[in-house]
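Trainee: Could we go through this one together? I'd like to work from the residues outward.

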Amino acid sequence: MEFITQPARKIKVIFKTQLCVLGGSQTGVFAAVRAARLGTECAVVEQGGCFGGVATAGMVNCLHTLLDDRFENQIIGGLTDEILKIMRKNGDAISYDKNRSVGFKINSQILKILLDRYVTQHKIKPFLHTKVCDGIVENGVLRGVVVETVEGPGVILADAFIDATGDAILCDRLGLITYKQSPMQPPTACSVVYRFDRSRTLEFRKLWEEHSAEFDMEPDWGWSGEIPGCDDLSMLAENHIFNCDCSKTDDLTKAEMEGRRKTDALLQILRKYADNADVKIAAMCDYVGVRQTRQVKCLHKVTMKELLTGEHFADA
């Protein structure tokens with residue numbers, strides 16, 4: 001393995017704050033909003049061009065129920081509940097009663113706008129197109145993070161940090177203990193498809209399985225569904241990209257490209273074998289739907305019982 005040594009260089013401090021959230025998914029934005037409501041000055045750093053993570057850039061428009069496994073008590077609330085109420089009122093989200101697979105379907109593009117609004121209204125400093133590179137530790141204390149912006153490298157200093165990257169990027173860069181489960185759940189490339197007949201989904205899945213080898217794919221199926229307010233459009237997530245570790249550059253690149261290829265192949269099968277010539281791709285995800293990469297060995301790992309019974313923690 002070959003290495004290059006760079007000379008020491010000064011990096012400009014571009015922002016100072018009390019709390020810096022790394023990763024602008026719903027989780028990251030909600031953490032910053034909640035902190036801001038408690039009077040904390042916050043910043044959110046996101047490597048993509050929008051907030052919301054796989055729900056927006058990844059086009060995953062399905063959320064699970066907010067109720068327990070008996071559909072009797074609400075165990076998820078807070079900002080998730082708050083933003084869903086806004087979207088349902090405006091017709092941008094629909095709910096499914098007592099469904100273990102789907103609790104809500106949302107319009108992912110509207111969610112982008114709502115999250116922008118939340119960040120702006122709560123005076124949170126946004127950093128889009130900004131990637132976390134490293135942490136700065138002095139005397140055992142994390143003081144800042146090095147980020148790469150479109151203007152070059154910079155440093156954000158903060159009193160506290162939340163790693164909401166999904167890949168535990170900061171924790172990994174700091175040398176904290178992370179692990180990966182084997183096998184990992186495979187990622188999926190989501191798309192928005194025009195004139196996909198959802199009433200024939202089971203028939204289509206059978207065709208995809210029968211003809212997958214012709215298009216160099218494994219027999220596979222996923223899920224699909226409606227997009228609130230968009231009758232002629234459907235969200236399609238009927239593929240998996242197998243044997244990928246999306247915390248690795250080559251595997252993530254493969255997942256992005258292979259996901260698009262498989263989506264196109266699925267529609268080619270419909271045109272050829274289902275006489276569905278008018279089905280078209282309207283949009284592809286900007287980021288493949290990654291389900292799992294690194295996990296962090298934490299001080300406490302929440303159990304299923306704690307989740308389902310709404311356990312309250314003294315330091316929450």
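Mentor: Sure, and keep in mind that this is a predicted model. Let's begin with a cysteine: at 5% relative accessibility, cysteine 285 counts as buried.

Trainee: How far is the sulfur of cysteine 285 from the closest cysteine sulfur?

Mentor: The partner to check is cysteine 190, which holds the closest cysteine sulfur. A disulfide needs the two sulfur atoms within 2.5 Å. This pair is too far apart for a bond, with the sulfurs separated by 5.9 Å.

Trainee: And which cysteine has the closest sulfur to that of cysteine 20?

Mentor: Cysteine 20 is buried, its relative accessible area being 0%. Its sulfur has no bonding partner, because the closest cysteine sulfur is 9.3 Å away, too far for a bond. By the distance rule, the disulfide count comes to zero. The residue you want is cysteine 42.

Trainee: Which side chain of opposite charge is nearest to lysine 105?

Mentor: Lysine 105 sits in strand β5, residues 104-106, and it is buried with no salt bridge. A salt bridge would need a nitrogen-to-oxygen distance within 4 Å. The nearest opposite charge is 5.7 Å away, and it belongs to glutamate 226.

Trainee: Now strand β9: is glycine 154 buried or exposed?

Mentor: Glycine 154 lies in that strand, which covers residues 152-163. Beyond its sequence neighbours, it contacts residues including Ile11, Ile14 and Val146. Its relative accessible area is 0%, so glycine 154 is buried.

Key. Residues numbered from 1 in each chain as written. Predicted model: local features only at pLDDT ≥ 70, side-chain atom pairs only at ≥ 80, totals over all residues. Heavy atoms only, no water. Helix = DSSP H or I, 4+ residues; strand = E, 2+ residues; numbered from the N terminus. Buried < 20%, exposed > 50% of the residue type's maximum accessible area, 1.4 Å probe, protein only. Lys, Arg positive; Asp, Glu negative; His and termini not counted. Contact = heavy atoms within 4.5 Å. Lists of a residue's contacts leave out its neighbours within four places in sequence.
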